[in-house]
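Colleague: I am new to this structure, and I would like to go through the reasoning behind the terms you use for it. Could you show it to me before we start?

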Amino acid sequence: MLQKKTVDDLQVKGKRVLVRCDFNVPLQDGVITDDNRITAALPTIKKLMGDGAKVILCSHMGKPKGEPKPELSLAPVAKRLSELLGKEVVFAKDDTVVGENAKAAVAKMQDGDVVLLENTRYRKEETKNEENFSKELASLADIYVDDAFGSSHRAHCSTVGVTEFVEESAVGYLMEKEIAFLGNAVNNPVRPFVAILGGSKVSDKINVINNLLEKVDTLIIGGGMAYTFAVAQGGQVGDSLLEEDKVPYAKEMIEKAKAKGVNFLLPVDTVITKEFKNDTEYKTVPTGEIPEGWMGLDIGEKTREIFADAIKGAKTVVWNGPMGVFEMENFAKGTKAVAEAMAAIDATTIIGGGDSAAAVNQLGFGDKMTHISTGGGASLEFLEGKELPGVAAVDDK
Ligand code: AMP
């Protein structure tokens with residue numbers, strides 16, 4: 001990572017700097033319900049403003065599928081940014097993103113001004129990384145800065161293509177921080193290194209499990225994906241989530257863990273119910289003994305203790321994916337136990353975005369973690385050991 005140029009390596013006074021941010025924030029009736037992604041981008045924006053750049057921001061929001069969709073306009077983000085920066089952020093309302101309006105707004109900029117372009121996915125070329133839109137974006141700027149970690153696993157015009165047509169490119173502070181935390185944790189961890197995986201699908205995390213088994217001391221698996229492993233061990237899982245076709249893979253991973261001397265922890269008990277809802281009868285049984293008609297929605301009490309114990313001794317912990325259906329209070333206990341155990345230790349604790357980040361914040365442990373990634377998909381691909389296209393495209397030092 002250190003070989004990539006960062007904003008600290010740039011001379012930006014009087015230059016037009018296009019900054020790709022991840023402003024894909026949740027909206028309800030046009031109101032931003034969580035502005036974490038906006039505040040996370042502020043250090044880079046403030047640095048560039050302070051250094052006298054003309055700061056042109058861009059981002060996607062949601063999936064407008066290549067057409068202007070008013071409900072996915074970035075206008076509310078410009079408003080929130082103006083409040084946070086204490087300075088007007090001009091919104092370049094433009095259905096073609098880089099149209100007359102955007103060009104005029106940029107032409108008027110003074111040093112230190114900020115303009116926000118419209119949702120880059122209003123253009124169908126964006127997600128196909130087509131040259132014409134990359135060139136249009138680049139035509140607005142001299143320098144490009146990528147601070148959109150959450151989009152860095154996608155090769156799009158605004159994350160990859162644009163870099164070819166600007167004088168210079170660099171990563172922003174958020175990107176630098178994300179890569180430093182995730183990179184150090186995975187490639188140079190203070191040991192013991194414990195990774196925790198959960199969520200619904202084994203198939204989403206196949207490469208992550210395989211890669212992490214090369215690196216960790218302990219691998220903990222919970223959530224819906226654990227039942228495929230339970231079947232691999234000869235257990236009965238009733239109506240729980242199961243990916244039959246992944247049972248051989250699960251067996252292979254159990255064997256690999258043994259061969260590598262990795263402490264591989266699977267749930268020993270599970271909270272089961274007959275219906276997928278919060279207010280219903282539930283009980284705890286051994287994981288491999290779930291009767292027909294019942295499904296596992298959370299890890300059981302014994303498992304919570306075993307997992308918490310393994311976390312207690314760790315010096316580095318990386319967590320991606322909830323331990324159960326944490327959205328329902330009765331089945332959030334496993335996820336909470338893991339969050340609590342991580343919050344209590346003196347170690348580097350990293351949350352790999354997405355649902356686990358939401359769970360940790362919802363349960364009130366957000367400020368107890370060393371780092372909560374802003375990118376769910378991107379952090380998973382990072383944990384898989386893949387190179388992120390958005391990072392690779394940026395200039396080396
Ligand atoms: P993922 O998107 O794969 O990270 O999965 C996150 C989702 O997995 C959350 O919405 C959880 O409710 C769900 N989940 C976790 N454990 C279970 C389970 N035992 N059964 C069904 N869904 C689960």
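**Reasons behind the terms**

Modeller: Let us begin at the ligand, in what is a predicted model: one of its nitrogen atoms is 3.0 Å from a polar backbone atom of Gly296. The protein covers 81% of the 500 Å² of accessible area that the ligand has on its own.

Colleague: Why is the pair formed by a nitrogen atom of the ligand and a polar backbone atom of Gly296 called a polar contact?

Modeller: The cut-off for a pair of N or O atoms is 3.5 Å, and the distance at Gly296 is 3.0 Å, so the pair counts as a polar contact. An oxygen atom of the ligand likewise lies 3.0 Å from a backbone N or O atom of Ser200, and for a side-chain N or O atom of Lys205 the distance to a ligand oxygen is 3.4 Å, which is still within 3.5 Å.

Colleague: Which residues come nearest to the ligand?

Modeller: Of the 15 residues around the ligand, these are Ser200, Gly224, Gly296, Glu327 and Asp355. The shell is made up of five nonpolar, six polar and four charged residues.

Colleague: What makes Thr349 buried?

Modeller: Thr349, which belongs to strand 18 (residues 348–351), has a relative accessible area of 1%; buried means under 20%, so Thr349 is called buried. Leaving out residues up to four places away in sequence, Thr349 touches Val317, Met342, Lys368, Met369, Thr370 and His371.

Colleague: Into which domains is the protein divided?

Modeller: Domain 1 covers 7–175 and domain 2 covers 189–383. Nine residues from domain 1 and eight residues from domain 2 take part in the contact.

Conventions. Residues numbered from 1 in each chain as written. Predicted model: local features only at pLDDT ≥ 70, side-chain atom pairs only at ≥ 80, totals over all residues. Heavy atoms only, no water. Near = heavy atom within 4 Å. Polar contact = N/O pair within 3.5 Å; in protein donor to acceptor, adjacent residues only side chain to side chain. Areas by Shrake-Rupley, 256 points an atom, 1.4 Å probe, with all protein chains shown as cover. Nonpolar A, V, L, I, M, F, W, Y, C, P; charged D, E, K, R; others polar. Helix = DSSP H or I, 4+ residues; strand = E, 2+ residues; numbered from the N terminus. Buried < 20%, exposed > 50% of the residue type's maximum accessible area, 1.4 Å probe, protein only. Contact = heavy atoms within 4.5 Å. Domains from an automatic or database assignment.
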